[in-house]
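Trainee: I would like to go through this model piece by piece. Please show it to me before we begin.

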Amino acid sequence: HNPNVELIEYDLENAAALLDEAGWVVDEDDGWRYKTIGAPEGEKVRFHFTMNLPQSFVDARRMIDIYRDDLRRIGVSFDTLIEENAAREQRMRNHELTAHVDTYQVFADPDVWRNYFHTDSIKNGRNYDGYSNSRVDELFDRSRLELDRERRTEMLQELQRLIQEDQPALFLWNYSTTWAFSQRIRGVELSPAGVVRFGPGARRWWVEKAR
């Protein structure tokens, strides 16, 4: 984790100003934003899109309701499409979604993030949004070969800074999960990633037979 990475302030007024600058102007008649696209006459296009959600991610639906209301205040609208996870996964791998909501989970080693942010993962991984940055690729590749923990930490912290600056995904919130274990379970160990997402993890749990 890079403690010096600055968060982006959630500022609707600044967002509206950036949209104005990009040519997406509020129509006084209906309050929505439009932009004339194409030449010579052009087509007046409304800023409207579809937000895709996984069926299993209930928290996303609560967040989207808040997000929709905020965007309405600055003249932007979207529809919501909730899909079954397996069908949705294939569409994401084919890069067929305009916008989607998902979670990035914390893993025991940051190298796992290569699958989401390395150029090679656009076709063969989970880089669904097609993000590509040659310096990010280089740092992922070099960090796999670096055995010195301090030097590797520097590489990974630079990785985090670059990804935050590029915003291939809009990182909206963090939350933790609470776990409870029966006193009969043995072998439970924790990692920086928590209870799961590392090996051997749950494969080492066992329960003592009742006598």
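**Helix α7 and its surroundings**

Mentor: At the start of α7, a side-chain oxygen of Asp148 comes to within 3.1 Å of the backbone nitrogen of Glu150. This is a polar contact (a pair of N or O atoms within 3.5 Å; within protein, one must be able to donate a hydrogen and the other to accept it, and residues adjacent in sequence count only if both atoms are side-chain atoms). The model is predicted: local features need pLDDT of at least 70, side-chain atom pairs count only at pLDDT 80 or more, and totals for chains, interfaces and linings use all residues. Residues are numbered from 1 along each chain as its sequence is written, and side-chain values use heavy atoms, with hydrogens and water left out.

Trainee: What span does α7 reach from its first C-alpha to its last?

Mentor: Helices (H or I, at least four residues) and strands (E, at least two) are DSSP runs, numbered from the N terminus. Helix α7 covers residues 149–166, which is 18 residues. The expected span is 1.5 Å times one less than the number of residues. That gives 26 Å expected for α7, and the span in the model is close to it, at 26 Å.

Trainee: Against which helices do the buried residues of α7 pack?

Mentor: Buried means under 20% relative accessible area, exposed over 50%, and partly exposed in between (1.4 Å probe, protein chains only). In α7 the buried residues are Arg152, Met155, Leu156, Leu159, Leu162, Ile163 and Gln164. An α-helix has 3.6 residues a turn, so residues three or four places apart point the same way. The buried residues of α7 pack against α4 (114–117) and α6 (134–145).

Trainee: Which residue just after α7 takes a positive phi?

Mentor: The residue lies in the loop between α7 and β7 (185–186). At 22% relative accessibility it counts as partly exposed. Its phi is near 50°, a positive value in a residue other than glycine. The residue is Gln167.

Trainee: Where is His95, and what is its phi near?

Mentor: His95 sits in the loop between α3 (85–93) and β6. Its relative accessible area is 36%, so His95 is partly exposed. Phi is positive in this residue other than glycine, near 60°.

Trainee: Which element gives the most residues to the largest nonpolar core?

Mentor: A nonpolar core is a set of buried Ala, Val, Leu, Ile, Met, Phe, Trp, Tyr and Cys residues joined through side-chain atoms within 4.5 Å. The largest has 18 residues, and those with the most contacts inside it include Phe49, Tyr67 and Val101. At least two residues each come from α1, β4 (48–54) and α2 (58–73). The most, 5 residues, come from α2.

Trainee: Which strands stand at the edges of the open sheet?

Mentor: Two strands pair if DSSP finds at least two bridges between them. The open sheet has 3 strands in the order β1-β2-β3, with antiparallel pairing. Each edge strand has a single partner, so one side of each is left without a neighbour in the sheet. The edge strands are β1 (25–26) and β3 (43–46).

Trainee: Leaving aside neighbours within four places in sequence, with which residues is Gln105 in contact?

Mentor: Gln105 is in the loop between β6 (99–100) and α4, and at 37% relative accessibility it counts as partly exposed. Contact means heavy atoms within 4.5 Å. Apart from neighbours within four places in sequence, Gln105 is in contact with Trp113 and Arg197.
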